[in-house]
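Please examine the sequence and the model shown here before reading on. The paragraphs that follow are meant to be read beside the structure.

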Amino acid sequence: MPVRKIKKNYRSVTGYFASIKNGRNVAYESLLERDFFLLLEFDRSVSSYEEQPMRLSYHYGNKNIPYTPDVLVQYKAEALSPCIFEIKYSDEIKEKKVFLREKFEQIEEYLRSNDMKFKLFTELDIRTQFLENAKMIYRFASVNDMYYDERINKIIEILEVGGAMSITECMKQLSPNRYDQAIYLPYLWHLIFIGKVSIDMDCKITNDSLIGIAR
């Protein structure tokens, strides 16, 4: 659990992100952190992540300054070391370039000696087309009702038989009725989220986007 409680403030937007991967609400200190959490939900190499995970310190001038990292990411593969991610806006990095470089060099050295990695991410890494697609799909990450198995299996069957096809073509094969097609769409987005159906997340998703069974 986080070592520091995130308090509301008037400089940035704070709140909670409903994480399926962690099975709990994860606190964020900025909208950029929230967006980063969403990307982690789609990263299949990530097993879990934790906000404000530990207390460290670094030296600046004659002072010993406490530091709480933004996010600790754990990976499924044992060969991948846990990684601390610091989330900053690029403007802040430019403004505090010298200070942050000295700070993060010390933090990175400490983490390396403890078999951990350190990465710095900005909005340039996070706010991509992938993120925009993820925002839309994540709304259907937890689809589950009495029709789940029937509709999921029907979509999978069509894609297994027909191979890669556009979303439009898949919907037409599911039903000629537009109302029925709209009913099936949330189940398709869910299949994409759980990794059973593939789509190019780096391109804007449209009705012409190609989908297929994930291999």
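The account below moves from the chain as a whole to its sheets and the helices packed on one of them.

This is a predicted model, in which local features need pLDDT of at least 70 and side-chain atom pairs count only at pLDDT 80 or more, while totals for chains, interfaces and linings use all residues. Residues are numbered from 1 along each chain as its sequence is written, and side-chain values use heavy atoms, with hydrogens and water left out.

The C-alpha atoms of the protein chain occupy a box of roughly 70 × 40 × 30 Å along the principal axes. Its secondary structure comprises eight helices and eleven strands, taken as DSSP runs numbered from the N terminus (helices are H or I with at least four residues, strands E with at least two). Of the 215 residues, 42% count as buried, that is, under 20% relative accessible area with a 1.4 Å probe, protein chains only. Among contacts (heavy atoms within 4.5 Å) between residues at least 6 apart in sequence, 59% join residues at least 24 apart.

Strands of a sheet pair through backbone hydrogen bonds, either parallel or antiparallel. Pairing here requires that DSSP find at least two bridges between two strands. One open sheet contains four strands in the order β3-β6-β7-β8, with mixed pairing. Because β3 (46-51) and β8 (117-121) stand at the edges with a single partner strand each, one side of each is left without a neighbour in the sheet. From one strand to the next, the twist averages 25 degrees. Five bridges link β7 (residues 83-87) to β8 in the parallel sense, and phenylalanine 85 stands opposite lysine 119 in β8.

Which strands does helix α1 touch? Helix α1 (residues 31-42) packs on this sheet and touches β3, β6 (71-75), β7 and β8; its direction makes about 160 degrees with that of β3. Helix α3 (residues 97-113) also packs on the sheet, touching β7 and β8, and its direction makes about 145 degrees with that of β8. These angles run from 0 to 180 degrees between N-to-C directions, with axes fitted to C-alpha atoms, for helices over the stretch in contact.

A further open sheet has three strands in the order β9-β11-β10, paired antiparallel. Here β9 (165-166) and β10 (197-198) stand at the edges, each with a single partner strand, so one side of each lacks a neighbour in the sheet. Strand β10 is joined to the antiparallel β11 (residues 210-213) by two bridges, and serine 198 stands opposite glycine 212 in β11.

Definitions and conventions. Buried means under 20% relative accessible area, exposed over 50%, partly exposed in between (1.4 Å probe, protein chains only).
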